[in-house]
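Open the model in your viewer and keep the selection tool at hand. We will go from stop to stop, picking residues and looking at what is around them.

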Amino acid sequence: MKSYKDLEIYSLSYDLAIGIHKLSLELPRYELFEEGSQIRRSSKGITSCIVDGYGRRRYKADFVKFLTYSHASCDETILHLNFIKDTHELDAKEIRIFLDEYQKLGGKINKFIQYVEKEWK
């Protein structure tokens with residue numbers, strides 16, 4: 001592993017954050033700075049914490065801490081997606097796909113945390 005870009009969780013979270021950014025711009029104008037801003041920050045926070053943790057990978061406890069923050073941001077993004085699904089008339093199928101993908105990403109982050117805790121030098 002030469003870079004954080006080699007991590008599957010990085011690639012998945014980055015691509016999903018780009019999709020969420022675009023989706024959030026479809027919200028009504030009054031939500032662009034409320035729910036839209038929240039979901040953009042939480043989705044990008046997943047990726048940011050993976051990168052931050054990888055930068056501290058020399059210190060296992062710090063790496064795990066930032067991966068845990070990443071997992072928490074993933075859960076927060078799922079919450080915001082549910083809020084959007086239940087309060088707005090956006091494409092329900094698209095939101096369902098995002099919800100499914102974030103559930104999978106959360107599982108992958110959790111497995112990676114377990115790997116780092118047990119196997120990391």
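Let's begin at Leu-25. Select this residue together with Leu-32 and Arg-40: Leu-25 touches both of them, leaving out residues up to four places away in sequence. Leu-25 sits in the loop between helix 1 and helix 2. Now add Ile-46 and draw a C-alpha to C-alpha distance from Leu-25; the two are 21 residues apart in sequence and 19 Å apart in space. Keep in mind throughout that this is a predicted model.

**Step back to the whole chain**

Switch to a cartoon view and colour by secondary structure. You should find 4 helices and 0 strands. Reading from the N terminus, the order is α-α-α-α. Along the principal axes, the C-alpha atoms fill a box of roughly 50 × 25 × 20 Å. How does the radius of gyration of the chain fit that of a compact globule? For 121 residues such a globule would come near 14 Å, and the chain has 15 Å, which agrees.

Next, show the contacts if your viewer allows it. Among those with a separation of 6 or more, 72% link residues 24 or more positions apart.

**Turn on the surface**

The chain exposes about 7,300 Å², and 51% of that area is supplied by carbon and sulfur atoms. Of the 121 residues, 43% count as buried. Colour the charged side chains as well: there are 20 positive and 19 negative ones, with the centres of the two sets 8 Å apart.

**Go inside to the core**

Hide the surface and select Ile-9, Leu-67, Leu-81, Tyr-102 and Leu-105. Within the largest nonpolar core, which has 29 residues, these five touch the most other members. Which elements give two or more residues to this core? They are helix 1 (8-24), helix 2 (35-55), helix 3 (60-87) and helix 4 (92-119). Helix 4 gives the most, with 9 residues.

Stay with Tyr-102 and show its surroundings. Setting aside residues up to four places away in sequence, Tyr-102 touches Leu-16, Ala-17, Ile-20, Ser-43, Ile-46, Cys-74, Thr-77, Ile-78 and Leu-81.

**Select Ile-39**

This residue is found in helix 2. Is Ile-39 buried or exposed? Its relative accessible area is 1%, and the cut-off for buried is under 20%, so Ile-39 is buried. Beyond its neighbours within four places in sequence, Ile-39 is in contact with Ile-20, Ser-24, Thr-77, His-80, Leu-81 and Ile-84. Pick out Thr-77 from that group: Ile-39 and Thr-77 are 38 residues apart in sequence, yet their C-alpha atoms are 5.8 Å apart in space.

**Select Leu-7**

Move to the segment before helix 1, where Leu-7 lies. Leu-7 has a relative accessible area of 5%, so this residue is buried as well. Show Met-1, Ile-50, Tyr-54 and Phe-112 around it; Leu-7 touches these four, not counting residues up to four places away in sequence. For one more distance, choose Val-51: Leu-7 and Val-51 are 44 residues apart in sequence and 9.7 Å apart from C-alpha to C-alpha.

**Finish at Lys-111**

For the last stop, go to helix 4 and select Lys-111. Is this residue buried or exposed? Lys-111 has a relative accessibility of 62%, and the cut-off for exposed is over 50%, so Lys-111 counts as exposed. Then draw a line from Lys-111 to Leu-27: the two residues are 84 apart along the chain, and their C-alpha atoms are separated by 33 Å.

Definitions and conventions. Residues are numbered from 1 along each chain as its sequence is written. This is a predicted model: local features need pLDDT of at least 70, side-chain atom pairs count only at pLDDT 80 or more; totals for chains, interfaces and linings use all residues. Side-chain values use heavy atoms; hydrogens and water are left out. The radius of gyration is taken over C-alpha atoms; the globule rule is 2.2 Å times the number of residues to the power 0.38. Buried means under 20% relative accessible area, exposed over 50%, partly exposed in between (1.4 Å probe, protein chains only). Contact means heavy atoms within 4.5 Å. Accessible areas come from the Shrake-Rupley method with a 1.4 Å probe; for residues, only the protein chains shown count as cover. Lys and Arg count as positive and Asp and Glu as negative; His and the chain ends are not counted. The place of a charge is taken as NZ of Lys, CZ of Arg, CG of Asp or CD of Glu. A nonpolar core is a set of buried Ala, Val, Leu, Ile, Met, Phe, Trp, Tyr and Cys residues joined through side-chain atoms within 4.5 Å.
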